[in-house]
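Let's talk through how a few labels in this model are earned. Each question below asks for the reasoning behind a name.

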Amino acid sequence: MATPSKAKIYLASRSPRRRELLKQIGVAFEVLVLREHSLRGSDVDESQLPGELPDDYVRRVSRAKVDSGWDRILQRRLRRFPVLSADTVVCVDGKILGKPADQADAERMLRLLSGREHLVLTAVALKLDDRTELVASESRVRFCKLAEPEIQAYVESGEPTDKAGAYAIQGRAAAFVTELHGSYSGIMGLPLYETVQLIRKFHYE
């Protein structure tokens, strides 16, 4: 059977973790960088819509990213390969915890996660010409009770910066996890099983 190692895709993401995960499973890719907070504006508006549920949000943003990536290919007249995008959110009580604005915001998020279970949703989209496929991964993670010094030390390490929910499960925050149900790679930002299934659909059907 053919394997994803023979596939070639564009990755529409700035995330170094997603690059590492694709390399881990042997997928050949090129990075297609989308604008974020530049003078010309972001390529994708990631604002949550009023009343929008987390699952709907993560799917919509992932689809918007892959559409923007495909538009970039057409504009630059690049060789046409599938574009892959993903979006990850951490949810508590149905509310999305995005990337922390500053250290105080990171501390606030970690206090919310302390001693309880939260949900991590990652949607992955793949697009080639007029065809778009999307899958979503749902995982549940429980943190131990975090003491204030632990929270402060973790925030001061700098690891929560630019991380959904203010933590990285592949980093120091692994010591906070008492239970995990779902996809470890999905919590990192790219569920590998679902991603491989998408790539195979485009390259081997």
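**Charged pairs and a buried arginine**

Q: Why is Arg 140 called partly exposed?
A: This is a predicted model. Arg 140 has 36% relative accessibility, and partly exposed covers values between 20% and 50%, so the label fits Arg 140.

Q: What makes Glu 138 and Arg 140 a salt bridge?
A: Their side chains meet at 3.5 Å, N to O. The cut-off is within 4 Å, so the pair counts. Glu 138 is partly exposed too, at 46% relative accessibility.

Q: Why does Arg 17 have no salt bridge?
A: The nearest side chain of opposite charge, Asp 162, is 4.7 Å away, whereas a salt bridge needs N and O within 4 Å; therefore none is assigned to Arg 17. Arg 17 sits in helix α1 and is buried.

Q: Why is Asp 105 called buried, and what is its partner Arg 108 called?
A: Asp 105 has a relative accessible area of 17%, and buried means under 20%, so Asp 105 qualifies. Arg 108, at 39%, is partly exposed. The closest N and O atoms of this salt bridge are 2.9 Å apart, and the two residues are separated by about one helical turn in helix α3.

Q: How do you know that Arg 111 and Glu 148 link distant parts of the chain?
A: Arg 111 is in helix α3 and Glu 148 in helix α4, 37 residues apart. Their side chains meet at 2.8 Å, N to O, which is within the 4 Å limit, so this is a salt bridge.

Note on methods
Residues numbered from 1 in each chain as written. Predicted model: local features only at pLDDT ≥ 70, side-chain atom pairs only at ≥ 80, totals over all residues. Heavy atoms only, no water. Helix = DSSP H or I, 4+ residues; strand = E, 2+ residues; numbered from the N terminus. Buried < 20%, exposed > 50% of the residue type's maximum accessible area, 1.4 Å probe, protein only. Lys, Arg positive; Asp, Glu negative; His and termini not counted.
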